[in-house]
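This report walks through cysteines, strands, sheets and one helix pair. Please have the structure open while reading.

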Amino acid sequence: MLPSPDSHQTASAAPLRAKRMGVLTLDDPIVFMRTDCHVCRSEGLSSRSRVLLQSGGKSVVATLYQVASEMLDADEAGLSEAAWDQLDVAEGDPIVARHPNPLASFAHVRSRIFGSRLSEVQLRDIIGDIAERRYSAIETTAYLVSGSSFPMDNQEMHALTKVMVELGDTLTWPGRPIVDKHCVGGLPGNRTTPIVVAILAALGLTIPKTSSRAITSPAGTADTMETLAPVDLDLRTIRQVVEQEGGCVVWGGAVRLSPADDLLIRVERVLDLDSEGQLVASVLSKKVAAGATHLVLDIPVGPTAKIRTSAAAAALASKLEGIAGQFGITTKVVVSDGSEPVGFGIGPALEAHDVLAVLQLTPGYPTDLHLRACTLAGAALEMVERAAPGTGVAVAAQAIADGSAWLKFQRICEAQGGMRAPPVAALTQPQLAQSGGYVTAIDNRKIARVAKLAGAPGIPAAGVRMFARVGEKVSAGQPLYTVHADTGGELQYALDYVSANPDIIRVGDQRNGARPTIGDGND
């Protein structure tokens, strides 16, 4: 619950009247008041103040913005959609507004900014306040940055993971093993999860997969899956789907599995920030909450991936394996090639088309996505002794070849609320090679930026479709990739960026040397 006002505050001025402003601020509650509002004057409130709003037994802490126009009456409180929904008020309902009690937990954030480590108790205070939406976006940003500029140690990561689990709901399942899979991200188009879930569920394993929406990428697994089936399922429905089909692919933010995580992810998305300590806790808290006993971790490595070097991959793998082990989760790390995007599509719907092509073995399907999915599914099969060592990839590939994975995927989609066709963008614009030669490099970050400027992931059909691969020979005038957008403005934004960055795909006279291959991080 939000903090109750101090006793001396209860005798404040007359309540304000609720007015719905229709302003969308994601999860950040905002309240608007006139500069001459009696509450602002009596409470000494000014723009950017934090304000405790109470009505009908519900309360929320909101950020105040003041207006100096007739858009509000002096006795009205204009509410953003987030504040309106959380207070659950009707037009004209009375609202009491005053200063909230100070956030004691923010002292811990300030302490960490200046170099102190945080205990489990202090982290519980911070994450609890974030989960209850007591932190503003600025305060949440300060917390995230404190763990990025001064990285968390293993003790903090374990404590943070534990706290994030304890503050939410958890799932338990009869029997073992309960398998999960996660990629640390940073590689456009690497949408293996729906394929892996379909393969493992088809082969009789249990894999309740909760996934995130995009943080800094053009698509998250939940964004892609949502173009194929509903993903915002409640816990009861998740359990029904998994009990019926053995697996699911759902959005973790729709349920209270590690509830603070989705709030943190939304701020990370704005900051384009994904710190290691928060990443470890974010990944593992959801696995623990989902009841996983075995976990396959995909860590792509490449010069423009999130993880740039083998040494950095090994360090992250060690942290993830160590913390996971403390929660009883057996892990298998697969270090994969992160030198270029995976598949053809970058963006929710375009990646969904790739998933369907692999599962149906449509002629011309992306073979790299097929291999990655089978490699990860094979690692899981070997880890839980459902395939002999060295045979997991072949067993996984057979589940696609015989159609059982495709059938299982359709059944999972239907159980989640019905399968649907991913949308197609209204506008496309190919980008052509300016000269002939060999593709020597593709910048993951820049090609992802093109997809985001085109509208992904907010516009599901937007993004980029790739035609060129590193090492391939291309001719002048040959399409390297096509930009997909729904509006001319978004298309132009993307094309302007393309024009300013001619090195997104590099073409040279000589073929590059041997490319890195997918490998076992435990080798």
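## Cysteines

The disulfide count is 0. The model is predicted, and the count rests on a cut-off of 2.5 Å between cysteine sulfur atoms. A disulfide is a covalent bond between the sulfur atoms of two cysteines.

Two cysteines show why no bond is assigned to them. For Cys248, the closest cysteine sulfur belongs to Cys413 and lies 11 Å away, too far for a bond. Cys248 is also buried, with 0% relative accessibility. For Cys374, the closest cysteine sulfur is that of Cys183, at 16 Å, again too far for a bond. Cys374 has 1% relative accessibility, so it counts as buried too.

## Strand S10 and its neighbors

Cys183 comes up again in strand pairing: it stands opposite Asp298 in S10. Strand S7 (residues 179-183) pairs with S10 in the parallel sense, over 5 bridges. S10 also pairs with strand S11 (residues 330-337). That pairing is parallel and has 8 bridges. Within it, Pro300 has Ser336 of S11 as its bridge partner.

How many residues of S10 are buried? The strand spans residues 294-301, and 8 of its 8 residues are buried. In a regular strand the side chains alternate between the two faces of the sheet. In S10, both faces are covered. One side carries His294, Val296, Asp298 and Pro300. The other carries Leu295, Leu297, Ile299 and Val301. Asp298, the residue opposite Cys183, is thus listed among the buried ones.

## A four-strand sheet with a helix across it

An open sheet of 4 strands runs in the order S12-S15-S17-S13. Its pairing is antiparallel. Strand S12 (345-346) and strand S13 (427-432) are the edges, and each pairs on one side only.

Strand S15 (residues 463-466) and strand S17 (residues 479-485) are joined by 4 bridges and run antiparallel. Val464 has Val483 in S17 as its bridge partner. Helix H17 (residues 444-453) lies across S12, S15 and S17. The helix runs at about 130° to S15.

## A three-strand sheet

Another open sheet has 3 strands, in the order S16-S14-S18, with antiparallel pairing. Which strands form its edges? They are strand S16 (473-474) and strand S18 (505-508), each pairing on one side only.

Strand S14 (residues 437-442) and S18 are antiparallel, with 4 bridges between them. Val439 sits opposite Val507 in S18.

## Helices H4 and H10

Two packed helices are described by the angle between their axes and the distance between the axes. For helix H4 (residues 120-131) and helix H10 (residues 259-271), the angle is about 75° and the axes are 8 Å apart. The range of 65 to 115 degrees counts as roughly perpendicular, so H4 and H10 are roughly perpendicular to each other.

Which residues make the contact? H4 supplies Ile127, Ile130 and Ala131. H10 supplies Ala260, Leu263 and Leu264. By class, this contact has 6 nonpolar residues, no polar ones and no charged ones.

Key
Residues numbered from 1 in each chain as written. Predicted model: local features only at pLDDT ≥ 70, side-chain atom pairs only at ≥ 80, totals over all residues. Heavy atoms only, no water. Axes fitted to C-alpha atoms, helices over the stretch in contact; angles between N-to-C directions. Helix = DSSP H or I, 4+ residues; strand = E, 2+ residues; numbered from the N terminus. Parallel < 35°, antiparallel > 145°, perpendicular 65-115°, else oblique. Contact = heavy atoms within 4.5 Å. Nonpolar A, V, L, I, M, F, W, Y, C, P; charged D, E, K, R; others polar. Pairing = 2+ DSSP bridges. Buried < 20%, exposed > 50% of the residue type's maximum accessible area, 1.4 Å probe, protein only.
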